[in-house]
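Subject: Structure for your review

Dear colleague,

Here is the structure we discussed handing over. Please look through it before reading the notes underneath.

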Amino acid sequence: MLGLDADRLRADLNRLLAFLFHQGILDEQYLQLQQLQDESSPNFVSEVVNIYFHESEKLLRNLRSLLMDREFSDYDKMGIHLNQFIGSSSSIGAKRVRNVCVAFRAASDQNNRAGYSIHMHALYFLYGCLRALELLEHEHCILKNKLHELFQIEQQRLLAAGVRYPMLN
């Protein structure tokens with residue numbers, strides 16, 4: 001009976017992974033990350049992903065803080081945060097989050113080069129950045145929820161198969 005549950009959960013896991021790839025939420029880098037996991041490091045992927053979410057949530061807070069500053073003018077700092085987000089998202093295969101970061105960064109760079117000094121244009125730029133940040137936060141939330149679901153199914157599969165590994169949060 002345990003084997004049948006494990007097989008069903010494996011099928012659920014594969015369906016969810018296929019969905020995440022089809023929707024562009026993940027890319028092949030996630031599979032490469034999975035290949036680094038073995039019996040000596042059974043929680044490797046979830047540990048890396050937990051670190052990613054811890055760091056990326058700090059980056060989101062920093063970006064929001066920068067944009068909410070009435071005297072916002074530090075485009076370079078915003079670019080640094082976005083570059084960090086792009087790199088870490090790429091490293092775990094978070095394709096849609098990375099793509100939103102790339103578009104956010106390109107728009108920020110373009111507006112920074114334009115050197116908006118007219119108040120209305122500055123407000124338009126700020127509004128565009130806040131909308132981009134909202135989209136980034138939305139995609140980040142989708143990724144977090146889907147990877148949490150994926151890890152839960154994997155833990156259930158391992159338990160059904162009789163494998164015992166400590167579960168991470």
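The notes below cover the salt bridges and one serine. Please keep in mind that this is a predicted model.

Salt bridges

The count of salt bridges is nine. Three of the pairs are described here.

In helix α1 (residues 2-22), Arg-15 and Asp-12 sit three residues apart, about one turn of the helix. Their side chains form a salt bridge with an N to O distance of 2.4 Å. Arg-15 is exposed at 52% relative accessibility, while Asp-12 is partly exposed at 21%. Both residues also belong to a network of salt bridges that includes Arg-8.

A salt bridge also joins the side chains of Arg-64 and Glu-137, at 2.8 Å from N to O. Arg-64 is in helix α3 (residues 44-68) and Glu-137 is in helix α6 (residues 119-160), so this pair ties together parts 73 residues apart in sequence. Arg-64 counts as partly exposed, with 26% relative accessibility, and Glu-137 is partly exposed at 26%.

Within helix α6, Arg-131 and Glu-134 are three residues apart, about one turn of the helix. Their side chains meet in a salt bridge at 3.2 Å, N to O. Arg-131 is partly exposed at 46% relative accessibility, and Glu-134 is partly exposed at 40%.

Ser-89

Ser-89 belongs to helix α4 (residues 75-92). Its relative accessibility is 0%, so Ser-89 counts as buried. The Ser-89 side chain reaches the backbone oxygen of Phe-85 at 2.8 Å. Beyond neighbours within four places in sequence, Ser-89 is in contact with Tyr-52, Ala-94, Val-97 and Arg-98.

Regards

How values were computed:
Residues are numbered from 1 along each chain as its sequence is written. This is a predicted model: local features need pLDDT of at least 70, side-chain atom pairs count only at pLDDT 80 or more; totals for chains, interfaces and linings use all residues. Side-chain values use heavy atoms; hydrogens and water are left out. Helices (H or I, at least four residues) and strands (E, at least two) are DSSP runs, numbered from the N terminus. Buried means under 20% relative accessible area, exposed over 50%, partly exposed in between (1.4 Å probe, protein chains only). A polar contact is a pair of N or O atoms within 3.5 Å; within protein, one must be able to donate a hydrogen and the other to accept it, and residues adjacent in sequence count only if both atoms are side-chain atoms. Contact means heavy atoms within 4.5 Å. A salt bridge is a side-chain nitrogen of Lys or Arg within 4 Å of a carboxyl oxygen of Asp or Glu.
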